[in-house]
Amino acid sequence: MLLSQLKYLTALAKERHFARAAQACHVSQPALSTAIRRLEAEFRVPIVRRSNRFIGFTHEGERIVAWAQRVLAEHDTLVENVRSLREGLSGRLRIGAIPTTLSSISLITRAFCELHPLVTLSVVSMTSQEIERALVDYQIDVGLTYVDNEPLENVRRQSVYRERYALLTDERGLLNGRDTLTWAEAAEVPLCLLSPDMQNRRIVDRAFRRAGVEAVPRVETNSVSALCSYVHETRWSAVMPHAWLALHAVPEGMRAIPLVEPEVSKEIGLVVADRDPEPVLARALMDTVAGADLQARLDLYHPSGPRPGEPAEARPVPGPAL
């Protein structure tokens, strides 16, 4: 049995299509099919359910795919460990991040990149549920997601910061002059919100329900940037995470008004699968973040100012962020 055969099998599990899997592995489709048939011969069981196209794996095939993913991941971890002893950390760290954290990902990983210049990052936007599945399937090494909201199973976690919320709105609108806004009041203005498959949206919906109202958005999207564009073009409003302001500040012509009653914040953290051996690069990132005070840095950009204990004069003026 060759590692290449296992790579072909896991590529087929990811792509669910023979031609795309072969392309991802840089081999011909007949070569990939032959390698998988050799695996079937070696295990003496059918792995793939076949017709004119790929339709799935047999029960035994699902077990073999999971085993192959684990073997390849442990092989990669072994290679990284040995290489790090000789050369320091190198290789590629695969990160899945929920969309509301993408504006802060450079801040979160900057110290790690400076400490380990031979490591490259691959950052992919995913929903929190996709992150959980990708960790199980060895498709990513670490996730950046909510860690205190919906249940997370079989993961190890490292807290990064608490996400707070503000209403991004046109500065010339009816809310001009308001220092804070209740969630109930926010439900009465034309809203743009993230789509229901996003955990942020489920958090926002629960906040509205706690305020005794239900928000009916004019626009739903899975893009935080799209929310901002609608505020800019339509003068509607959007509930935004305060970490987004750390990168963008408040765009010209807009205001960010803190949302209160209820006060809502959710913990963002790094997660890795709860198994050994841990990916070396993922553990190094988590250790680097553990020694940084990213919360204080991000809170400087919240429209209500720093949390109690932070000097008000430390808050930067609007402009290029971080």
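Biologist: What is the angle at which α1 and α2 pack, and how far apart are their axes?

Modeller: In this predicted model, α1 and α2 pack at an angle of about 130 degrees, and their axes lie 8 Å apart.

Biologist: Why is α1 called oblique to α2?

Modeller: Angles over 145 degrees count as roughly antiparallel and those of 65 to 115 as roughly perpendicular, with the rest oblique apart from those under 35. The angle here is about 130 degrees, and therefore α1 is oblique to α2.

Biologist: Which hand does the crossing of α1 and α2 have, left or right?

Modeller: The crossing in which α1 passes α2 is right-handed.

Biologist: What makes up the contact between α1 and α2?

Modeller: From α1 come Lys 7, Tyr 8, Ala 11, Leu 12 and Glu 15, which meet Phe 18, Arg 20, Ala 21, Ala 24 and Cys 25 of α2. By class, this contact has 7 nonpolar and 3 charged residues, with no polar ones.

Biologist: Where do α1 and α2 appear again, in the lining of the largest pocket?

Modeller: Both α1 (3-15) and α2 (18-25) supply at least two residues of that lining, as do α4 (59-87), β3 (91-97) and β13 (266-273). The largest share, 8 residues, comes from α4.

Biologist: How much space lies in the largest pocket, and which residues lie nearest its centre?

Modeller: The largest pocket holds about 870 Å³ of space. Its lining has 31 residues, and Leu 72, Ala 73, Asp 76, Arg 94 and Tyr 138 lie nearest the centre.

Biologist: What classes of residue form the lining of the largest pocket?

Modeller: The lining has 13 nonpolar, 5 polar and 13 charged residues.

Key. Residues are numbered from 1 along each chain as its sequence is written. This is a predicted model: local features need pLDDT of at least 70, side-chain atom pairs count only at pLDDT 80 or more; totals for chains, interfaces and linings use all residues. Side-chain values use heavy atoms; hydrogens and water are left out. On a 1 Å grid over the protein atoms alone, a cavity is a set of points where a 1.4 Å probe fits but cannot get out, and a pocket is an open set with protein on both sides within 12 Å along at least five of seven lines; lining residues have an atom within 4 Å of a point. Grid points are joined across faces, edges and corners, and a volume is the space filled by probe spheres set on the points. Helices (H or I, at least four residues) and strands (E, at least two) are DSSP runs, numbered from the N terminus. Ala, Val, Leu, Ile, Met, Phe, Trp, Tyr, Cys and Pro count as nonpolar, Asp, Glu, Lys and Arg as charged, and the others, Gly among them, as polar. Axes are lines fitted to C-alpha atoms, for helices over the stretch in contact, and angles run from 0 to 180 degrees between N-to-C directions. A crossing is left-handed if the near helix is turned anticlockwise from the far one by less than a right angle, and right-handed if clockwise. Contact means heavy atoms within 4.5 Å.
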